[in-house]
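Trainee: I would like a close look at a single part of this model. Please take one helix and go through it slowly.

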Amino acid sequence: MKPRKNKKRVPSFRKLLKTSKVKLDNKLKNKQFKQQSIAKKYRKEQRKLRQAVKDVTARTSVPLEENKKKHAAEREEEEEALPLDMMDEDDLKLMEDLAQKASFVTRDLSSIEPVHAKKRKQESVIDRYEKMPRRMQTEPEKELIHLLPIKDKSGIIPQTMEKPVISVAQNEEEEDTEEMEVVEESSEEPQPVLTTDELLIQRRRKLQEKKRHIAALAAAILSDPENSIKKLKELRAMLMEQDPNVAVIVRKLVMVSLMEIFKDITPSYKIRPLTEAEKHTKVRKETQKLREFEEGLVSQYKFYLENLEQTVKDWKQRKLKKSNVISLKAYKGLAEIAVKCLCELLVVLPHFNFHNNIIVLIVPLMNDTSKLISEMCCEAVKKLFKQDKLGSVSLGVVKVISGLVKSRNYDVRPEVLKIFLHLRIKEVEVKKDAEDITAKKKFMSSKEKRKNLSRMQRKWKKAEEKLERELLEAEASESKEKKLKLHTETLNIIFLTYFRILKKVQKSPLLPAVLEGLAKFAHLINVEFFDDLLVVLHSLIASGDLSYRESLHCVLTAFHILSGQGDVLNIDPSKFYSHLYRTLFRLHAGATNDDMVIVLQCLDVMLTKRRKKVSQQRALAFIKRLSTLALHVLPNSSVGILATNRILMQTFPKTDLLLDNEAQGSGLYLPELDEPECCNAQNTALWELHALRRHYHPTVQKFADHLIAGAPAEGSEALRPDLSRRSGTELFETYNMKGMTFNPPVASVIPRKKDKFLQGDSFLNEDLKELIQTHLNEAAVHRPLDFAEHLKESSLS
């Protein structure tokens with residue numbers, strides 16, 4: 001048989017040039033795969049044949065005892081029917097021997113019959129085995145590899161070479177060698193167990209190698225970012241470190257290293273994806289190189305963020321990977337580092353790609369149960385608000401926070417809403433009339449120009465409009481309008497969240513944060529909501545369900561509303577004045593007194609800024625009550641209160657009658673009455689200032705002497721500039737004693753007594769005098785105060 005000729009022609013050089021390398025590789029792979037599949041199929045057939053022969057030889061005979069007689073009779077009949085004279089003696093003897101064996105006749109061969117056994121009843125196993133198709137082992141076809149052609153004087157000479165083909169026998173030999181290697185590996189002796197010191201040394205060595213590798217990759221990337229995308233990918237792949245000894249530390253180091261690298265190599269603009277037209281357009285080499293760098297950078301940055309997100313999710317869901325390289329306890333540390341990296345990228349790269357995705361990741365973590373993670377996220381958002389000048393980034397964060405609060409059914413931490421207080425919103429768009437709502441036409445349309453203007457006038461008009469546009473761009477008025485628009489939209493979302501909480505969940509722990517936010521942004525609220533908002537605030541105070549701090553926030557919010565656009569409204573805030581006057585003595589007098597700041601802010605808004613709407617009687621009552629309160633609180637609070645009294649005495653000059661002992665008009669001062677207008681404060685005197693002159697704190701003494709002298713702006717009794725030019729809130733923060741280890745021997749100048757505290761100006765009886773004298777003797781070193789002497793000076797005894 002002649003060998004079949006290969007009809008394939010040698011390809012020409014031109015065809016070789018047109019054929020890509022990828023196509024040739026694919027053809028070679030397909031050819032090799034085909035040969036491997038043929039060899040595999042041949043081995044499978046051989047295995048089946050061997051198994052069939054083995055089954056036939058191992059089959060046992062089953063004698064049929066019931067039909068022995070029947071078979072014997074049939075055998076006799078067959079022997080009689082056979083013409084024995086036509087058979088040879090050897091054949092006849094063989095048949096007789098076989099007849100003696102019952103297994104030959106009774107053997108059950110049904111198990112090895114094919115499906116169509118009825119048609120081939122006389123066919124034996126050996127015949128079937130002989131008829132099975134076989135394949136002769138032929139030589140493998142020679143495969144040509146086309147090499148680069150050679151150019152000669154005669155022309156172009158194509159070059160080829162034969163590719164060695166692995167035969168079936170070689171494949172079987174390789175499989176046998178692999179099995180032998182596995183057996184040898186399994187038979188090897190177990191490695192010796194290392195001690196603890198050796199394990200530590202080995203771990204330290206591995207860790208040092210990993211650190212050097214990370215440092216080398218980071219240095220190479222920073223030195224030449226455009227040509228180091230592959231190294232950036234290699235460094236990012238180390239986030240999946242599988243060595244259980246150093247996996248946690250290596251992953252943390254890689255996270256922080258990648259964060260610093262992206263902060264350094266990221267451009268100051270957002271990278272957009274290329275369009276199809278731009279991809280097919282021919283550009284210069286430098287431009288193409290820059291495009292490839294930007295595409296690789298965005299891709300690696302995306303994968304890095306996905307890895308950080310997956311780390312946090314695994315920790316939140318308490319999931320372990322299949323490899324179990326890292327324990328659940330270690331996942332918390334990894335998640336904290338991942339959140340720290342996300343917070344840093346949120347603040348440093350607000351202009352780059354995927355910033356909104358980082359916001360969506362960070363905002364829910366502000367409400368996390370882990371205090372460390374929650375504080376990190378809140379601080380990052382605060383920094384983002386402070387550095388956002390235009391307002392677009394802040395708007396995105398506010399939208400996500402509002403959606404989070406609504407989706408959680410207002411069950412979030414108060415710190416989430418307190419983030420709004422750090423927004424840089426000072427102006428918004430206020431639409432007063434319908435004329436302001438309709439957009440004004442700045443320039444004429446082309447039809448109006450043709451209709452109303454001549455050719456020369458149109459030319460001049462066009463030049464004038466161009467000049468106006470350039471002036472607007474120079475003044476940056478467009479960016480200002482955009483900023484106002486963004487701030488307005490942001491504030492609308494904030495107020496919508498606040499009003500929903502006031503309406504639906506008034507007893508929520510979010511109420512103080514809502515009231516504090518309303519107090520800050522009250523001057524920006526639309527006038528249409530003022531009446532309803534004031535009614536809600538008063539109902540909250542009257543309900544009695546609020547804490548002291550929450551009620552102060554309600555008062556502060558109400559007066560912020562009335563001090564801004566609410567001046568034009570005819571609203572009587574006397575209920576809020578009475579509430580603050582009534583609750584001043586409920587102020588905490590200890591070191592944890594943080595409510596004093598809110599009290600001082602309320603006094604500033606209620607009395608100083610609304611001086612034209614405050615009566616003299618109300619001002620006298622507040623000055624007297626604040627002076628009494630200054631005796632019981634700590635020095636920083638006393639300084640703030642006395643500074644507020646100084647401003648009130650300068651704002652209302654007629655209040656100096658409190659420095660005189662003579663009564664003004666009829667009536668007796670009623671210190672326990674809760675209405676400032678009806679307590680007859682004009683008939684009392686500020687005897688508390690004489691007690692405060694001997695206070696152990698020198699600044700309190702200076703303020704007391706200053707107020708006794710009538711709070712003069714000039715002269716020997718005037719205060720220093722560092723005290724006179726600062727408000728009560730600023731002085732309170734300056735002299736704040738939080739964190740200091742200072743415990744005065746007596747909490748106040750006059751100790752409280754439950755039933756004998758405020759009984760008029762002549763409330764000092766003999767028991768109280770003895771108690772005061774006892775305390776003063778114990779604290780003589782700190783406060784050399786002779787109270788009887790002051791009583792004589794003030795004529796109060």
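Mentor: What follows is a walk along helix α16, with a short word on the whole chain first.

This is a predicted model, in which local features need pLDDT of at least 70 and side-chain atom pairs count only at pLDDT 80 or more, while totals for chains, interfaces and linings use all residues. Residues are numbered from 1 along each chain as its sequence is written, and side-chain values use heavy atoms, with hydrogens and water left out.

The chain has 34 helices and two strands; these are DSSP runs numbered from the N terminus, helices being H or I with at least four residues and strands being E with at least two. Of its 797 residues, 35% are buried, where buried means under 20% relative accessible area, exposed over 50% and partly exposed in between, using a 1.4 Å probe and protein chains only.

Helix α16 covers residues 392–407. Its 16 residues should span 22 Å at 1.5 Å a residue, and the end C-alpha atoms are 23 Å apart, which agrees; the expected span is 1.5 Å times one less than the number of residues.

Helix α14 (residues 355–365) packs against α16 at an angle of about 40°, and the two axes are 10 Å apart. Axes here are lines fitted to C-alpha atoms, for helices over the stretch in contact, and angles run from 0 to 180 degrees between N-to-C directions. The pair is therefore oblique, since angles under 35 degrees count as roughly parallel, over 145 as roughly antiparallel, 65 to 115 as roughly perpendicular and the rest as oblique.

On the α14 side, H355, I359, V360, V363 and P364 meet V393, G396, V397, V400, I401 and L404 of α16; contact means heavy atoms within 4.5 Å. The contact residues comprise nine nonpolar, two polar and no charged. Nonpolar covers Ala, Val, Leu, Ile, Met, Phe, Trp, Tyr, Cys and Pro, charged covers Asp, Glu, Lys and Arg, and the others, Gly among them, are polar.

The buried residues of α16 include V393, V397, I401 and L404, which also appear in the contact with α14. V405 lies in α16 too, and counts as buried because its relative accessibility is 1%. Leaving aside neighbours within four places in sequence, V405 is in contact with Y410, V412, L417 and T497. I501 is 96 residues from V405 in sequence, yet their C-alpha atoms are 9.8 Å apart in space. Just after α16, N409 takes a positive phi of about 60°.
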